[in-house]
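Please look over the protein chain shown below. A briefing on its strands, buried residues and charged side chains follows.

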Amino acid sequence: MEIKVQKPTEEMLKELRVREWLIWEKGVSRFDWHYDDTEVCYIIEGNVVVETEDGEKIELKKGDFVTFPKGLSCVWDIKKPIKKHVNFL
């Protein structure tokens, strides 16, 4: 399962109404996570390394637009407190 990371344009953010989405925040921590639905999010601040079951490590930071596929299991390793706009598809 692939985590898709994009650098969105301001136009894309406005079109998707990203700034109207819920905000999720969490401090430095490490935890297992499973996605029951597809999640799209826009990282407002912070830094996290997401480790997938197949050993892939993806670093996410401010300005990244990320799609996590339904069914993905991973480990979140938050290096700097994270804040993101989030929506589920």
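**Briefing: a hairpin and its charges**

E53 sits in the loop between strand 4 (39-52) and strand 5 (57-61); helices (H or I, at least four residues) and strands (E, at least two) are DSSP runs, numbered from the N terminus. This is a predicted model, in which local features need pLDDT of at least 70 and side-chain atom pairs count only at pLDDT 80 or more, while totals for chains, interfaces and linings use all residues. Residues are numbered from 1 along each chain as its sequence is written, and side-chain values use heavy atoms, with hydrogens and water left out.

**The hairpin**

- Strand 4 and strand 5 run antiparallel and are joined by five bridges; two strands pair if DSSP finds at least two bridges between them.
- Four residues lie between the two strands of this hairpin, and G55 in the turn has a positive phi of about 90 degrees.
- N47 stands opposite K61 in strand 5.

**Buried and exposed residues**

- E53 counts as exposed because its relative accessibility is 70%; buried means under 20% relative accessible area, exposed over 50%, and partly exposed in between (1.4 Å probe, protein chains only).
- Side chains alternate along strand 5: I58 and L60 point to one face and are buried, while K57, E59 and K61 point to the other and are not.
- L60 has a relative accessible area of 0%, and its C-alpha is 11 Å from that of K7, although the two are 53 residues apart in sequence.
- I43 lies in strand 4 and is buried, also with a relative accessible area of 0%.
- The C-alpha atoms of I43 and K84 are 4.4 Å apart, with their positions 41 residues apart along the chain.

**Salt bridges**

- A salt bridge is a side-chain nitrogen of Lys or Arg within 4 Å of a carboxyl oxygen of Asp or Glu, and the count comes to seven.
- K7 and D64 form one of them (2.3 Å, N to O).
- K7 lies in the loop between strand 1 (4-6) and helix 1 (10-16) and D64 in the loop between strand 5 and strand 6 (65-68), so the pair ties together parts 57 residues apart in sequence.
- K7 is exposed at 54%, whereas D64 is buried at 2%.
- R30 forms a salt bridge with D77, the closest N and O atoms being 3.3 Å apart.
- R30 lies in strand 3 (residues 29-34) and D77 in strand 7 (residues 73-88), so this pair ties together parts 47 residues apart in sequence.
- D77 also forms a salt bridge with K79, at 2.8 Å between the closest N and O atoms.
- R30, E51, D77 and K79 are linked in a network of salt bridges.
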